[in-house]
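Student: Could you take me through one part of this protein up close? I'd like to look at the place where the ligand sits.

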Amino acid sequence: KKLILVAGARPNFMKIAPLMHALKNHKSIKPILVHTGQHYDVKMSGQFFDELNIPTPDINLEVGSASHAVQTARIMEGFEKVCISEQPDFVLVVGDVNSTAACTLVASKMGIKTIHYEAGLRSNDRTMPEEINRLVTDAISDVFITTSVDADDNLLREGVAADKIHMLGNLMIDSLVEQLPKAQQTELVFKLLNHDREIRLGSDFKAGEYGALTFHRPGNVDDKDTLTLLVNLWGEISQRIPLVFPVHPRTYKNIQQFGLQHDIDKYPNLYFIEPLGYLQFIHLVSRSAFALTDSGGIQEETTFLNIPCLTVRPNTERPVTVWEGSNKLIKVHDIVAEVSSIIDGEGKHGTVPKYWDGHAAERIIHLIDEL
Ligand code: UD1
């Protein structure tokens, strides 16, 4: 069987890695790895392939950044050619990025069976581009692999037949389980963005006594007033506890454009650094007192690590991290109070959801082998 696996953006890479490892020397499934090139920087892409030991993609569509419509169209054009020349039996897509929806649309119209890993997650918020991608992908996929039972319920409610839904666990946790020991050997020394200064774990920020910060959702960082407010709230928190922020390119661009560097410079313990590779990032989160974020994946990683996570969003497509895990949804205006209660020892702790155990890839490959 020929299986095309699609990877496009940073959060896809830690989901693809364990699958590629499980497929190495597989008897009956031949994998073909396609990188759409949605993310292309060394820091957003190349570094993850190296650290996660993902083989060099067989095909790179090199689509780059563009508007949603243009980026999606470029992926579709490129991927159609790939499907014509490769004639795969299956296409597997992961997550909810533009590459996920674009490739599913192409494959399903060509009559190629599509498998969506991380199916069924719903924020029920159509202002998020990722929610549109999830809805489109799940409307036309053939096989649905989910990470938690709430996703199964969403799919059943939308009319997907039960025998097409397979709750097999969390690939992102496979990568985390495998890489955490190595990650914790990395040195956490970072150069500050726009400053000629280095910060390091143990002196400028100490294990268990800092927050790991990530923000990149358009809803939080694309609006000048919201981002200005956020920067100053982070600054206020940093006066109590250092914050380390590997800044996403989208956020960094907006900080420059809105002229917010001056606000950041007012706070000596608000550390803005370049985006990190996988190992250093996991290390950073695993030693933190809490994560303050609007990311999807970090809600899952902190749940596994049982580190309190404050997610600054009105909703989450990953509610299991709130019911079972250490995640809490909060409003922008409550950030300072919520962090204070964590510092005062009232951070949320929880349990690890079923099958978030480091063995999801084996289960998924076994399923594909049986299809
Ligand atoms: C995308 C995903 C989002 C995911 C995020 C993780 C969609 C709709 N969104 O958002 O779900 O959480 O990736 O990072 O697919 N850029 C670079 N270098 C790169 C890639 C991007 O500098 O390698 C810059 C580009 O200038 C671009 C901006 O970042 O304009 C945003 O990139 P894009 O891929 O459009 O969306 P993300 O915000 O990264």
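**Around the ligand**

Tutor: Sure, and keep in mind that this is a predicted model. The shell around the ligand takes at least three residues from domain 1 (2-170 + 356-370) and at least three from domain 2 (179-343). Altogether 19 residues surround the ligand, and the ones that come nearest are Asp-41, Met-44, Ser-65, Val-97 and Pro-249. What kinds of residues make up the shell? They split into seven nonpolar, seven polar and five charged. Several helices chip in: α1 (10-23), α2 (42-51), α5 (129-140) and α10 (249-257) each give at least two residues to the shell.

Now for the sheet. It is open, has seven strands, pairs in parallel, and runs in the order β3-β2-β1-β4-β5-β6-β7. At its edges are β3 (59-60) and β7 (165-167), each with pairing on one side only. Helix α6 (residues 149-157) packs on this sheet, where it touches β6 (143-146) and β7, and its direction makes about 170 degrees with that of β7. Elsewhere in the sheet, β4 (residues 90-94) and β5 (residues 113-117) run parallel and are joined by five bridges. In that pair, Val-94 stands opposite Tyr-117 of β5.

Stepping back, the protein has 16 helices and 15 strands. Its C-alpha atoms fill a box of roughly 55 × 40 × 40 Å along the principal axes. A compact globule of 371 residues would have a radius of gyration near 21 Å, so the protein's 20 Å agrees with that.

Technical notes
Residues are numbered from 1 along each chain as its sequence is written. This is a predicted model: local features need pLDDT of at least 70, side-chain atom pairs count only at pLDDT 80 or more; totals for chains, interfaces and linings use all residues. Two strands pair if DSSP finds at least two bridges between them. Helices (H or I, at least four residues) and strands (E, at least two) are DSSP runs, numbered from the N terminus. Two residues are in contact if their C-beta atoms, placed from the backbone, lie within 7 Å. Axes are lines fitted to C-alpha atoms, for helices over the stretch in contact, and angles run from 0 to 180 degrees between N-to-C directions. A residue is near a molecule or strand if its C-beta atom, placed from the backbone, lies within 6 Å of it. Ala, Val, Leu, Ile, Met, Phe, Trp, Tyr, Cys and Pro count as nonpolar, Asp, Glu, Lys and Arg as charged, and the others, Gly among them, as polar. Domain bounds come from an automatic or database domain assignment. The radius of gyration is taken over C-alpha atoms; the globule rule is 2.2 Å times the number of residues to the power 0.38.
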